[in-house]
Amino acid sequence: MNLTRDRILAEMGFDPLWKRRDAPRGSGDIPAEVQDQPIVVDEPTHADMATGLNVSGLRGADEELGWDELISRIKGCTACGLCRERKQAVPGVGDRNADWLFIGEGPGAEEDARGEPFVGAAGKLLDAMLAAIDLKRGENVYIGNAVKCRPPGNRTPEPEEMAACFPYLKRQIELIRPRLIVLLGRAAVHAVLAEDRSLSGLRGKTLSYRNEGEGRDIPVIVTYHPAYLLRNLPDKAKAWEDLCRARALMRETSGG
Ligand code: URA
């Protein structure tokens, strides 16, 4: 499939709000108002979710698990009640050496049935969002979730469920070593940054996640969850700003 950018934006419902400017300044089609915003690097905000380490399927030396064992632990996990109603756990999908890591909330019905994240309506929008910044699922992109099992009725995962699942995500981040993490929605922000502030208070900043395995802070961009955007069309323009900021940051850190 070879979609033009305008077609992609139109499919995302960003047209005309997200119309490419005729004479963008400097960095491609990043809106001028986004280019002008300073990039703020906050202190690391991730609080150690120690309780999760005790109740999940990972603890102690297990934290050193490689991919195969990690995936098999996720698939057999019974660390929280979500395991009772799942068809299957959904570990994540994509390039295991990706520069980009996108993290959502948790599998929905379709993801639960197919074992892959973001394959339903929200996933279609996520794919379009990726395409709008020249990314593609599986190519230098890994997609995961705050919880690996479907919350019944697609409810928001409870903090305890996210804490129980966090060691898996933490190990995935250690193995992937992404250059940038994009958090989709409030649950992902809560799981990864242990941050309860509203999305509007976190968007537009560059936050950071301490990747202990690497001894490095990974920049984090926060944006709206695609399912939210499907219900709140005007906020797509803000999501576009966030993605442009993410892309600019990635270019900056890779020197081009
Ligand atoms: N929403 C999510 O947060 N993750 C999925 O995998 C699907 C929908």
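**Exercise 1. Identify the helix that gives the most to the lining of the largest cavity, and describe that cavity.**

Step 1. Helix α7 (residues 159-176) contributes 4 residues, the most of any, to this lining; helices here are DSSP runs of H or I with at least four residues, numbered from the N terminus. The model is predicted, with local features requiring pLDDT of at least 70 and side-chain atom pairs pLDDT 80 or more, while totals for chains, interfaces and linings use all residues. Residues are numbered from 1 along each chain as its sequence is written, and side-chain values use heavy atoms, without hydrogens and water.

Step 2. The volume of the largest cavity is about 110 Å³. A cavity is a set of points, on a 1 Å grid over the protein atoms alone, where a 1.4 Å probe fits but cannot get out, and lining residues have an atom within 4 Å of a point.

Step 3. Its lining comprises 15 residues, with C77, C80, C149, C165 and Y168 closest to the centre. By class, 11 are nonpolar, 1 is polar and 3 are charged.

**Exercise 2. Determine which pocket the ligand occupies, and describe its lining.**

Step 1. The ligand takes up the space of the second largest pocket. A pocket is an open set of grid points with protein on both sides within 12 Å along at least five of seven lines, and a molecule sits in one if more than half of its atoms lie within 2 Å of its grid points.

Step 2. This pocket has a volume of about 380 Å³. Among its 22 lining residues, G106, G108, N154, H225 and A227 lie nearest the centre.

Step 3. At least two lining residues come from each of α5 (109-114), α6 (121-132) and α10 (226-231).

**Exercise 3. List the polar side-chain and backbone approaches to the ligand from H225, N145 and F118.**

Step 1. A polar side-chain atom of H225 is 2.6 Å from a ligand oxygen atom.

Step 2. In the side chain of N145, an N or O atom lies 2.8 Å from a nitrogen atom of the ligand.

Step 3. For F118, a backbone N or O atom is 2.9 Å from an oxygen atom of the ligand.

How values were computed:
A polar contact is a pair of N or O atoms within 3.5 Å; within protein, one must be able to donate a hydrogen and the other to accept it, and residues adjacent in sequence count only if both atoms are side-chain atoms. Grid points are joined across faces, edges and corners, and a volume is the space filled by probe spheres set on the points. Ala, Val, Leu, Ile, Met, Phe, Trp, Tyr, Cys and Pro count as nonpolar, Asp, Glu, Lys and Arg as charged, and the others, Gly among them, as polar.
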